[in-house]
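Biologist: I should like to go through this structure with you, beginning with its open spaces and then turning to its interior. Please give your reasoning with each reply.

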Amino acid sequence: LFALDSHDFYEDQLVVAASIHHPLVRQKNLTLKHLASQPWLIREVGSGTRIAMINILKKYHIKPHIEMEIDNNEAIKQAMIGNIGISIVSKQSIELEVKT
């Protein structure tokens with residue numbers, strides 16, 4: 001046997017993201033209920049992001065309209081850019097797109 005040490009090295013947040021052309025983007029004071037009827041892009045089964053998203057939505061009794069299940073962040077970002085739906089993603093994963 002051997003000892004294993006672990007250390008946090010980066011903290012990230014999950015955020016709701018959408019295309020800049022999405023009709024709700026400019027609205028203020030959005031709640032999860034506003035987002036419930038929107039088409040959602042969701043990660044594949046087993047994804048930590050998907051598990052967190054489902055747990056958050058269940059906590060608030062929201063059943064999302066799942067438009068598409070996608071197995072990687074880049075494809076989700078491209079689908080959001082194409083205004084196919086909204087998603088919950090890592091804030092770090094969309095930093096470049098937010099800046100541009």
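Biologist: Which residues lie nearest the centre of the largest pocket?

Modeller: The model is a predicted one. In it, the largest pocket has a lining of 19 residues. Those that lie nearest its centre are Ala-17, Ala-18, Ser-19, Ile-20 and Val-25.

Biologist: Which element gives the most to the lining of the largest pocket?

Modeller: Two or more lining residues come from each of β1 (14–17), α3 (73–81) and α4. The element that gives the most, with three residues, is α3.

Biologist: How many residues of the lining are nonpolar, and what is the volume of the largest pocket?

Modeller: By class, the lining comprises four polar and two charged residues, and the nonpolar residues number 13. As for the space itself, the volume of the largest pocket is about 500 Å³.

Biologist: Which elements give two or more residues to the largest nonpolar core?

Modeller: This core has ten residues, namely Leu-24, Leu-35, Ala-36, Trp-40, Ile-42, Met-53, Leu-57, Ile-62, Ile-86 and Ile-88. The elements that supply two or more of them are β2 and α2 (48–59).

Biologist: Which residues does Met-53 touch, leaving out those up to four places away in sequence?

Modeller: Met-53 is one of the ten residues of the largest nonpolar core. Once residues up to four places away in sequence are set aside, Met-53 touches Trp-40, Ile-42 and Ile-88.

Biologist: Is Leu-41 buried or exposed?

Modeller: Leu-41 lies in strand β2, which spans residues 39–43. A second, separate core of eight residues includes Leu-41, together with Ile-76, Met-80 and Ile-94. Because its relative accessibility is 0%, and the cut-off is under 20%, Leu-41 counts as buried.

Biologist: What distance separates the C-alpha atoms of Leu-41 and Ile-70?

Modeller: Leaving aside neighbours within four places in sequence, Leu-41 is in contact with Met-68, Ile-70, Ile-76, Ala-79, Met-80, Ile-84, Gly-85, Ile-86 and Ser-87. Of these partners, Ile-70 is 29 residues from Leu-41 along the chain. The C-alpha atoms of Leu-41 and Ile-70 are separated by 7.0 Å.

Biologist: The backbone oxygen of which residue lies 2.7 Å from a polar atom of the side chain of Ser-93?

Modeller: Ser-93 is placed in the loop between β4 (87–90) and α4 (95–99). Beyond its neighbours within four places in sequence, Ser-93 is in contact with Asn-73 and Lys-77. The backbone oxygen at 2.7 Å from the side-chain polar atom of Ser-93 belongs to Ser-90.

Notes: Residues numbered from 1 in each chain as written. Predicted model: local features only at pLDDT ≥ 70, side-chain atom pairs only at ≥ 80, totals over all residues. Heavy atoms only, no water. Helix = DSSP H or I, 4+ residues; strand = E, 2+ residues; numbered from the N terminus. Buried < 20%, exposed > 50% of the residue type's maximum accessible area, 1.4 Å probe, protein only. Contact = heavy atoms within 4.5 Å. Polar contact = N/O pair within 3.5 Å; in protein donor to acceptor, adjacent residues only side chain to side chain. Core = buried A, V, L, I, M, F, W, Y, C linked by side-chain atoms within 4.5 Å. 1 Å grid on protein atoms, 1.4 Å probe; cavity = no way out; pocket = protein on both sides within 12 Å on 5 of 7 lines; lining within 4 Å. Points joined across faces, edges and corners; volume = space filled by probe spheres on them. Nonpolar A, V, L, I, M, F, W, Y, C, P; charged D, E, K, R; others polar.
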